[in-house]
Amino acid sequence: MLERVSFHGPGDVLPSGLPVRRLARATVAACSLAAAELAAHRTGGAVPEVRVDQGAVATAFVSERHLAVDGRTPVNFAPHSGFWRAADGWVRTHANYPHHRTRLLAALGLPADAGPEQLAEVLGELPAEQIQERAYTAGALAVAVASVSATVHPLVENRAIGSAPVRPLGEADAGRPAAGIRVLDLTRVIAGPVATRTLALLGADVLRVDSPHLPEADDAHADTGFGKRSTRLDLADPADRAVFEGLLATADVLVTGYRPGALDAHGLAPDALSARHPGLVLAQICAWGWAGPWAGRRGFDSLVQAGVGIAAHEAGPDGRPGVLPAQALDHGTGYLVAAAVLRALTEQRTGRPGGRHLRFSLAGTASWLLHGIAPEAPAPAGPDARPYDPARWLAETDSAYGRLRHALPPIAYTGAPTDWSRPPGRWGTDAPVWL
């Protein structure tokens with residue numbers, strides 16, 4: 001179906017020494033095509049054309065930077081997050097969440113109220129790998145900036161499980177191909193929430209479930225909570241666990257974004273899930289890949305960029321590590337996860353029933369960017385090369401958080417929805433029930 005895909009719009013977007021524009025538009029195109037395929041199944045018509053606008057993609061890939069809440073622009077990285085000189089190189093820290101900042105400072109022997117200047121002084125006296133390992137031991141987040149890794153992680157792992165029948169879906173219009181699909185969302189930050197935000201756009205009933213002991217930042221939820229509902233359940237509490245199992249019993253899709261093995265104690269290991277729910281589509285996301293010594297480590301897009309060599313590749317003339325023009329590993333992985341879920345839903349209903357186990361990682365998307373995508377082509381000339389203006393793909397809406405300026409969805413096929421059906425509600429305030 002690839003001949004049904006085309007690209008247009010400004011070519012001067014997401015500039016980088018790596019093919020970030022190609023990664024971004026390809027992931028959105030894959031997701032758009034998967035949605036179009038499911039739409040064809042639901043409507044009984046032909047697969048719609050997919051025409052992706054590169055300007056819309058570029059705007060969506062930095063949606064967290066375009067967010068404004070009653071005119072206030074959120075801060076995306078806290079003062080203790082960023083690149084720091086170590087005694088023998090550079091290190092990248094991530095301390096946006098208060099508990100991560102507290103652990104980082106404690107790992108380095110600093111008081112809880114230590115400022116960035118004190119942090120810089122201590123980091124400058126220690127080797128980068130020693131900082132990295134001390135942080136890891138303390139449950140904090142710091143990664144030594146490395147050269148480009150020769151290790152290649154798979155972009156996606158897709159396993160069909162058994163042949164259990166799944167419930168048929170009735171007709172639906174092209175703009176809501178996932179209508180009637182129930183999605184449990186156990187993800188945080190960007191990659192997983194982008195995936196489930198996209199499924200919600202396409203009509204799925206998405207319920208995000210978080211622990212009451214691990215609050216999400218309001219601004220992060222305001223960006224990625226569109227179209228979804230959000231509830232809080234403690235899976236270690238028997239009563240809450242029973243509620244969760246009731247939701248899971250009639251769910252079609254479960255998306256998780258925790259470290260490998262982190263949810264196994266709650267009965268959410270892949271094999272245990274497929275035994276109890278043989279038709280379930282399980283999509284898992286992690287940071288560092290599903291095998292190897294780093295598989296169980298915490299991670300975020302910025303840290304993976306540092307650890308696999310992207311930061312070194314993008315370094316400036318002064319040697320300071322650089323970054324991609326977007327959290328492209330997060331956003332790109334999110335659209336690929338949504339694409340894989342949509343394809344699984346179609347396959348289950350067109351002759352290939354059974355459960356699905358899908359695995360993605362930020363490191364896998366990074367490997368694809370570093371080793372699997374052809375270099376960027378020159379920006380197109382002529383009338384299609386209009387200057388990029390993100391305002392074309394921004395909208396405003398009222399929400400429980402206030403007046404939001406937000407990026408519009410980039411999903412593009414004939415009949416695709418142009419915005420979400422509902423703004424984000426307050427994090428964790430919805431009832432744990434299906435609509």
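Colleague: Which strands and helices do the buried residues of H11 pack against?
Modeller: Let's fix the words: helices (H or I, at least four residues) and strands (E, at least two) are DSSP runs numbered from the N terminus. Buried means under 20% relative accessible area, exposed over 50% and partly exposed in between (1.4 Å probe, protein chains only), while contact means heavy atoms within 4.5 Å. The partners of the buried H11 residues are strand S5 (89-93), strand S6 (142-144), helix H12 (310-313), H13 and helix H14 (362-372).

Colleague: What kind of model is this, and from which number are residues counted?
Modeller: This is a predicted model, where local features need pLDDT of at least 70, side-chain atom pairs count only at pLDDT 80 or more, and totals for chains, interfaces and linings use all residues. Side-chain values use heavy atoms, leaving out hydrogens and water, and residues are numbered along each chain, as its sequence is written, from 1.

Colleague: How many residues of helix H11 are buried?
Modeller: You can find them by name: Asp301, Ser302, Leu303, Val304, Gln305, Ala306 and Val308 are buried. H11 (residues 301-308) is therefore largely enclosed by the rest of the structure, with a buried count of seven of the eight.

Colleague: Which residue follows H11, and what is its phi?
Modeller: Step just past the end of the helix and you meet Gly309. The phi of Gly309 is positive, near 110°.

Colleague: Which residues point each way from strand S12?
Modeller: In a regular strand the side chains alternate between the two faces of the sheet. S12 (residues 281-286) is mostly covered, with six of its six residues buried. One way point Val281, Ala283 and Ile285, and the other way Leu282, Gln284 and Cys286.

Colleague: Which residues pair with Val281 of S12 in S11 and S13?
Modeller: Two strands pair if DSSP finds at least two bridges between them. Strand S11 (residues 253-256) runs parallel to S12 over four bridges, and strand S13 (residues 355-361) pairs with S12 in the parallel sense over six. The partners of Val281 are Val253 in S11 and Arg356 in S13.

Colleague: Which strands are at the edges of the open sheet?
Modeller: The open sheet has seven strands with mixed pairing, in the order S7-S13-S12-S11-S8-S9-S10. An edge strand pairs on one side only, and here the edge strands are S7 (157-161) and S10 (229-232).

Colleague: Are H7 and H13 parallel or oblique to each other?
Modeller: Axes are lines fitted to C-alpha atoms, for helices over the stretch in contact, with angles from 0 to 180 degrees between N-to-C directions. Under 35 degrees is roughly parallel, over 145 roughly antiparallel, 65 to 115 roughly perpendicular and the rest oblique. The axes of H7 (residues 191-201) and H13 (residues 328-348) come within 7 Å and cross at roughly 45°. H7 and H13 are therefore oblique.

Colleague: Is Ala34 buried or exposed, and which residues does it touch?
Modeller: Ala34 is found in helix H1 (residues 20-43). With a relative accessibility of 1%, Ala34 is buried. Not counting residues up to four places away in sequence, Ala34 touches Ala339, Leu342 and Arg343.

Colleague: What is the relative accessible area of Glu347?
Modeller: Glu347 lies in helix H13. Leaving aside residues up to four places away in sequence, Glu347 touches Arg352, Pro353 and Arg356. Glu347 counts as buried because its relative accessible area is 13%.
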